[in-house]
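Q: I have a protein model open and would like to learn how to read its features. Could we go through them together?
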Amino acid sequence: MTFLRHPLDNDLMPVSRKAVQSSSQSYSLSLHFSTTNSSNMTSKKDCGNHGHKRRRFVRLLFAVILTFLLIALIVILLVWAILRPSKPKFILQDATVYAFNVSYPSFITSNFQVTVSSRNPDDRVGIYYDRLDIYATYRDQQITLRTSIPSSYQGHKETNVWSPFIYGNSVPVSPYNSAALSQDQGAGVVMLMIKIDGRVRFKVGTFISAKYNLHVRCPAYIQFGSRTSGIMVGDNVVKYQLATRCHVSI
């Protein structure tokens, strides 16, 4: 039996040995719990620092990639602005008329062969013609089918020449256009529009641009009757020398 002194008197208080051992064990457990919590907190702090470093690395990598792409884009734009590729120049050289008539009530039958040339005026930029479709219109209404022109590449200062056939059999048109065409034929002059729609790319050194839409508009004045200026090249086949400059938009 162990005696403890009470703080208010001089009497000794008996305390059992088991109580002392229990108090000692409680203190040890408390100390162990405190040490464990401190270790866990340190581990969580280390994980937090590791995650923060990873996020900083990802942000830095993203910033480097974005900066590289921005610099590359600026360089491409500067090269493009300095070289300034020019639009190709198109000329409708001639048109050979095999058939062109109006039938009742409002149908047009036509068959033409046209010669179109394209010249690249630039001495530093090449042109890829990825797709070209040619057709004829009368008063903003299409009167022939679309004919595809083969894809080709046009080098510096080069000229390409195409002679496709464009035709349409009994193509329905508005009654107004049918009547207007009959009047124009009676007057001896018909104005058609030869159109070319396509996609082109430009080549500067080893750099090839994206695809751009190409639109070409070539007016063709066809004379009939005694006022014709064409050359007979067969039975009812007339060839007209036009040499008309076309309007080009990209």
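A: Gladly! Two strands pair if DSSP finds at least two bridges between them. Please keep in mind that this is a predicted model.

Q: Which residue is the bridge partner of Met232 in E15?
A: Met232 is partnered by Val238 in E15. Strand E14 (residues 231-234) and strand E15 (residues 237-245) run antiparallel and are joined by three bridges. The two strands form a hairpin with two residues between them. In that turn, Asn236 has a positive phi of about 55 degrees.

Q: How many bridges pair strand E3 with strand E4?
A: Strand E3 (residues 89-103) and strand E4 (residues 107-119) pair over 13 bridges, in the antiparallel sense. Here too there is a hairpin, with three residues between E3 and E4. To find your place, look at Leu92, which stands opposite Val116 in E4.

Q: Which residues are the bridge partners of Phe112 in E10 and of Arg119 in E9?
A: For Phe112 the partner in E10 is Ile166, and for Arg119 the partner in E9 is Thr159. E4 pairs with strand E10 (residues 165-172) over six bridges and with E9 over four bridges. Both pairings are antiparallel. While you trace a strand, remember a general idea: in a regular strand the side chains alternate between the two faces of the sheet.

Q: Now the charges. How do I recognise a salt bridge, and how many are there?
A: Look for a side-chain nitrogen of Lys or Arg within 4 Å of a carboxyl oxygen of Asp or Glu. By this rule there are six salt bridges. One of them joins the side chains of Asp133 and Arg131, at 2.9 Å from N to O. Asp133 counts as buried because its relative accessible area is 10%, while Arg131, at 37%, is partly exposed.

Q: Which parts of the chain does the pair of Asp184 and Arg139 tie together?
A: The side chains of Asp184 and Arg139 meet in a salt bridge of 3.8 Å, N to O. Asp184 lies in helix H2 (residues 175-187) and Arg139 in the loop between strand E5 (126-138) and strand E6 (141-142), so the pair ties together parts that are 45 residues apart in sequence.

Q: Which residues are linked with Asp197 in a network of salt bridges?
A: The network links Asp197 with Arg146 and Arg217. Between Asp197 and Arg146, the closest N and O atoms are 3.6 Å apart. This pair links distant parts of the chain, 51 residues apart: Asp197 is in strand E11, and Arg146 is in the loop between E6 and strand E7 (147-149). Asp197 is buried, with a relative accessible area of 10%, whereas Arg146 is partly exposed at 42%.

Q: What about the surface: which residues form the nonpolar patch, and which form the positive one?
A: A patch gathers surface residues of one kind, with over 30% relative accessible area and no salt bridge. The nonpolar patch consists of Phe57, Val58, Leu61, Ile65, Phe68 and Leu69, which together have about 640 Å² of accessible area. Leu69 belongs to helix H1 (residues 17-83) and counts as exposed because its relative accessibility is 51%. The positive patch is formed by Lys87, Lys89, Arg119, Lys157 and Arg245. Lys157 sits in the loop between strand E8 (152-154) and strand E9 (159-162), and at 42% relative accessibility Lys157 counts as partly exposed.

Technical notes:
Residues numbered from 1 in each chain as written. Predicted model: local features only at pLDDT ≥ 70, side-chain atom pairs only at ≥ 80, totals over all residues. Heavy atoms only, no water. Patch = residues over 30% accessible without salt bridge, like charges linked within 9 Å, V, L, I, M, F, W, Y side chains within 5 Å. Areas by Shrake-Rupley, 256 points an atom, 1.4 Å probe, with all protein chains shown as cover. Buried < 20%, exposed > 50% of the residue type's maximum accessible area, 1.4 Å probe, protein only. Lys, Arg positive; Asp, Glu negative; His and termini not counted. Charge placed at Lys NZ, Arg CZ, Asp CG, Glu CD.
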